[in-house]
Amino acid sequence: MFTNIITDTTTSISAGGTVLAIIVALILGLVIAGIYALEGNASKYMLVSLATLPAIVGVVILVVNGNLGVGIAVMGAFSLVRFRSIPGKSLDICFLFFAMAVGLVSGMGYVVFAALITVIIGAVLLIGSKLDIGVEKSENKSLKITIPEDLDYSNCFDDIFAKYTKSAKLVKVKTANMGMLYELNYTISLKNNDLEKKMIDEIRVRNGNLTVACERIFSVETI
């Protein structure tokens, strides 16, 4: 079933098989890019990388096919994956490895096997990315309020929090601007997200229109 289309019985490289392997690698790269696009929040550069990576890796493997250098080529191909300067999701790294694995198999001439693993692993990645397993259900937000030093922050905003939040907890206090200001960090859960602006406006009246920042809390994804 998984026959090699590149080499014949004399282990010589077939030109037709080589071209077919590259074409299949490009097609499978486009399929992988399409699966990644369905996952959501896909960048143009990531899609182009996934579409072309199988063919690039396939060419590297084809060049050294049948030589001892194939092992070095494999190591070199997989060393291309490194952490980028822009933080990425672990799923992005997984898709890059996926694309290179397909390119490796295609470059070795096993195009049917490459197509099979593209379908199976692609389906698993797509389904896994759509599931809510391990997703934080909390609607907690981080609220940062700057106040002047002469304002007692102990119970200053309790009435506002009682009006707009289900819960509010002061988690951090620090001084700023050489002690002339305080920065308060709260973890809050809003009763109604549509009233967030009204809450911030009331806080601005209370803190003298100093900086107020409210943002969603994101968990750090590790690999």
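Guide: A crossing of two helices is called right-handed if the near helix is turned clockwise from the far one by less than a right angle. Keep that in mind as we look around this predicted model.

Visitor: Which kind of crossing does H2 make with H4?

Guide: H2 passes H4 in a right-handed crossing, so by that rule the near helix is turned clockwise from the far one. The angle between helix H2 (residues 44-63) and H4 is about 35°, and their axes are 7 Å apart.

Visitor: Which residues make the contact?

Guide: From H2 they include Met46, Leu50, Leu53 and Ile61, and from H4 they include Phe95, Leu96, Ala99 and Val102. By class, this contact has 13 nonpolar, 3 polar and 1 charged residues.

Visitor: What makes two rings an aromatic pair, and how many are there?

Guide: Ring centres must lie within 6.5 Å, and by this rule there are 5 aromatic pairs. In one of them, tyrosine 36 and phenylalanine 95 are 5.1 Å apart centre to centre, with 75° between the planes.

Visitor: Why is that pair called edge-to-face?

Guide: Planes over 60 degrees apart count as edge-to-face, and 75° is over that cut-off, so the name fits. Tyrosine 36 lies in helix H1 (residues 15-39) and phenylalanine 95 in helix H4 (residues 90-107), so the pair ties together parts that are 59 residues apart in sequence. Both tyrosine 36 and phenylalanine 95 are buried, and ring pairs link Tyr36, Phe95 and Phe98 into a cluster.

Visitor: Why is the pair of tyrosine 153 and tyrosine 182 called tilted?

Guide: Its planes are 50° apart, which is neither under 30 nor over 60 degrees, so the pair counts as tilted. The centres are 5.8 Å apart. Tyrosine 153 sits in the loop between strand E1 (141-148) and helix H6 (158-164), and tyrosine 182 in strand E3 (residues 181-190).

Visitor: How do you know whether tyrosine 153 is buried, exposed or partly exposed?

Guide: Buried needs under 20% and exposed over 50%. Tyrosine 153 has 26%, so it falls in between and is partly exposed. Tyrosine 182, at 24%, is partly exposed by that rule too.

Visitor: What makes a nonpolar core, and which residues have the most contacts inside the largest one?

Guide: Buried residues of certain nonpolar kinds belong together if they are joined through side-chain atoms within 4.5 Å. The largest core has 27 residues, and Ile32, Leu50, Phe95 and Val102 have the most contacts inside it. H4 gives the most to this core, with 10 residues. Apart from this core lies another, of 17 residues, among them Tyr164 and Ile200.

Notes: Residues are numbered from 1 along each chain as its sequence is written. This is a predicted model: local features need pLDDT of at least 70, side-chain atom pairs count only at pLDDT 80 or more; totals for chains, interfaces and linings use all residues. Side-chain values use heavy atoms; hydrogens and water are left out. Rings of Phe, Tyr and Trp (its six-membered ring) pair if their centres lie within 6.5 Å; planes under 30 degrees apart count as stacked, over 60 as edge-to-face and the rest as tilted. Helices (H or I, at least four residues) and strands (E, at least two) are DSSP runs, numbered from the N terminus. Buried means under 20% relative accessible area, exposed over 50%, partly exposed in between (1.4 Å probe, protein chains only). Axes are lines fitted to C-alpha atoms, for helices over the stretch in contact, and angles run from 0 to 180 degrees between N-to-C directions. Contact means heavy atoms within 4.5 Å. Ala, Val, Leu, Ile, Met, Phe, Trp, Tyr, Cys and Pro count as nonpolar, Asp, Glu, Lys and Arg as charged, and the others, Gly among them, as polar.
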